[in-house]
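Keep the chain in view while reading. The walk-through below goes feature by feature.

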Amino acid sequence: MIKENNLYPADLILLNGSIYTVDASRSWAESLAVKDGKIIFIGHDNEVKKFKGEDTIVYDLKGKMVLPSFHDSHVHPVVGGLELGECDLTPFRTEEQMLDHLKNYARQHPEKEWIRGGGWQLPVFEDGNPHKSLLDRVVPERPVYLESADAHSAWVNSKALAVAGITKQTADPVNGRIERDYKTKIPSGTLREDAMKLVSTLLPKYSDEDYLKGLQLGMEIANKYGITAVQEASATEKIIKAYSELDKKGKLNIRVVAALRWDSKNGESQLKDLLALKAKYSGKNFKINGIKIFADGVIEAQTAALIEPYIGSDGKKGKPIFEAEELKKLIRLIDKEHLQVHVHAIGDYAVRITLDAFEFASITNGKRDSRHHIAHLQLVHPKDLSRFRKLGVLANFQPLWAYQDVYYSKLTEPVIGSKRSRWLYPLGSLVQNGSMVVAGSDWSVSSMNPLYAIQIAVTRRALHAGPGPSWIPEETTDLPSIIASYTINGAFLNFQEKKTGSLEVGKAADIIVLDRNIFEIPKHEIHLTNVLLTLLEGKIVFQDPSFE
Ligand SMILES: [Zn+2]
């Protein structure tokens, strides 16, 4: 029994709600009370009243839904926020729209030496391969650098190629490709993976202030979507500084666990530097827990590493960033420092060698509570599905990608074929076999809104497609499982499951209120749901103006 006299009065009471607690028995409640940032009561309306004092804020929810706030397990809040201030092509679906926007943007920003931005969709262009001449038509004088939405390609104009000294003679870098005109072999304006760096390293540097502003923007979007905890998927020191500074001021309104970016071109000696960063920057809501490694690229650019060749490629399988043995050594090395390893793996070969490396690390270093995870998991070989659970490796999905979009029909299915396509985003299989599944947005690659991703996880249909058959119905999942991925499992990934991720007495009051009960509406309408209130440790970090 809790000593009650310490608990009166509560700071805040929610009553008359549909509260889905995500506790071990997935129980429901009507009301809860919060004091000093913690949940002190959860249960029935008639019991909560005794916690009410003169200054207690009381919300009568009139049946609205309450959930633990969301955890985004793979997201780039700072970089995403920075990009919002640049030439943002995210909303556009045709060449003309993009070029119009670019033209206006350049006109409005005569002060910018470079026009930079991103968010363009590969399928808008033939083979996902836009040409420099389109940009030259609109901005001939200044260099233009535009990253694709997935950040694995860049579209540049002739001026940018010239400034970077990229010519017909320039060789492709080790993990990159300079796209070239078929006949002349002259660079055509699309750069893949590490070839992007030939230009991106020349861009004007962002200031610390820019990073801070980017973080603030990203964080506001997160809170608006009900997110109060994230795993930052690719932290550099500048990014870390922004988090740390806001945290010191008590203004970091998301719990951030960062994975530090491993540079595949620097050797093992960088581990020491990364460990130093980890020791240096750690605060109340900000921690560094691990290291992010890229195992491969993306299928659309044929930089993902596959077990069987790409169709129509003369046997090309896509090269992994690290050869299998190299990856084993690297992951063993990092695991030995008791760091969590966060791996980007898209192709089934990249997934397989990553699992091999995790297995190797646990055999050689000994089993521990490592919570290593693989993000994206676009294509997984069916033989590898059972290994996640066996090895205790967490599956980190971006469910918003799991439907038949133009990427799939134009760029993926043609190169991997229908048989392999059965195993795209095998979320349902991994939930079914008892693997720990977490979920994230990969914003700014795609929308940060978890309710969009939750809908697609249960329907595997485009957001606005309405009711109808699911794409690979075996790989849909049920609502309780995907909600767990976005709450308690996400907390587990970040080693915070004792503190947050479910609504239970003694846990932090990380809570959201939704305008409808997502269990009671048709699945294809989940995306219409709005977050009305977001609390982090009992503090209101977002409130919709309509909610009082
Ligand atoms: Zn990412």
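What follows moves from the metal site to a pocket, then to strands and salt bridges.

The model is predicted. Start at the zinc ion. Three protein donors lie 2.1 Å from the metal: His74 through NE2, His76 through NE2 and Asp442 through OD. Along the chain, these donors follow the spacing H-x1-H-x365-D. His74 sits in strand E8, residues 70–75, while Asp442 belongs to the loop between strand E21 (437–439) and helix H15 (450–459), so this pair ties together parts that are 368 residues apart in sequence. Are these two donors buried or exposed? The cut-off for buried is under 20% relative accessible area. His74 has 1% relative accessibility, so His74 counts as buried. Asp442 has 6%, so Asp442 counts as buried too.

Next comes open space. The second largest pocket holds about 1,200 Å³. Its lining consists of 41 residues. Nearest the centre of this pocket lie Arg177, Glu179, Arg192, Ala301 and Gln302. Three elements give two or more residues to the lining: strand E13 (176–180), strand E14 (187–193) and helix H13 (406–421). Which of them gives the most? E13 does, with five residues. By class, the lining of the second largest pocket has 16 charged, 13 nonpolar and 12 polar residues.

Helix H13 also contains Thr412. At 2% relative accessibility, Thr412 counts as buried. The C-alpha atom of Thr412 is separated by 20 Å from that of Trp155, and the two residues are 257 residues apart along the chain.

Strands E13 and E14 lead on to a sheet. Six strands form this open sheet, in the order E9-E10-E11-E12-E14-E13. Their pairing is mixed. Which strands sit at the edges? They are E9 (87–88) and E13, and each pairs on one side only. E13 therefore appears twice in this account: as an edge strand of the sheet, and as the element that gives the most to the lining of the second largest pocket. At the other edge, E9 runs parallel to strand E10, residues 115–120, and two bridges join them. Asp88 stands opposite Gly118 in E10.

A hairpin shows the antiparallel sense. Strand E4 (residues 31–35) and strand E5 (residues 38–43) pair that way over five bridges. Val34 stands opposite Ile39 in E5. The hairpin of E4 and E5 has two residues between the strands. Asp36 takes a positive phi there, near 50 degrees.

Now turn to charged side chains. How many salt bridges does the model have? The count comes to 24. One of them joins Lys238 and Asp208, at 3.4 Å from N to O. This pair links distant parts of the chain: Lys238 is in helix H8 (residues 237–248) and Asp208 in helix H7 (residues 208–224), 30 residues apart. Lys238 is partly exposed, with a relative accessible area of 33%. Asp208 is also partly exposed, at 41%.

Arg371 and Glu497 form another salt bridge, with their closest N and O atoms 3.0 Å apart. Arg371 lies in the loop between helix H11 (348–365) and strand E19 (373–376), and Glu497 in the loop between helix H17 (488–493) and strand E22 (511–514), so the pair ties together parts that are 126 residues apart in sequence. Both Arg371 and Glu497 are buried.

A further salt bridge brings together the side chains of Arg422 and Glu475, at 2.8 Å from N to O. Arg422 is in the loop between H13 and helix H14 (427–432), whereas Glu475 is in the loop between H15 and helix H16 (479–486). They are 53 residues apart. Are the two partners buried or partly exposed? Arg422 counts as partly exposed, at 22% relative accessibility. Glu475 counts as buried, at 1%.

The last stop is a group. Arg352, Asp356, Glu359, Asp384 and Arg387 are linked in a network of salt bridges.

Conventions: Residues numbered from 1 in each chain as written. Predicted model: local features only at pLDDT ≥ 70, side-chain atom pairs only at ≥ 80, totals over all residues. Heavy atoms only, no water. Donors = N, O, S within 2.8 Å, 3.2 Å for Na, K, Ca; no water. Helix = DSSP H or I, 4+ residues; strand = E, 2+ residues; numbered from the N terminus. Buried < 20%, exposed > 50% of the residue type's maximum accessible area, 1.4 Å probe, protein only. 1 Å grid on protein atoms, 1.4 Å probe; cavity = no way out; pocket = protein on both sides within 12 Å on 5 of 7 lines; lining within 4 Å. Points joined across faces, edges and corners; volume = space filled by probe spheres on them. Nonpolar A, V, L, I, M, F, W, Y, C, P; charged D, E, K, R; others polar. Pairing = 2+ DSSP bridges. Salt bridge = Lys/Arg side-chain N within 4 Å of Asp/Glu carboxyl O.
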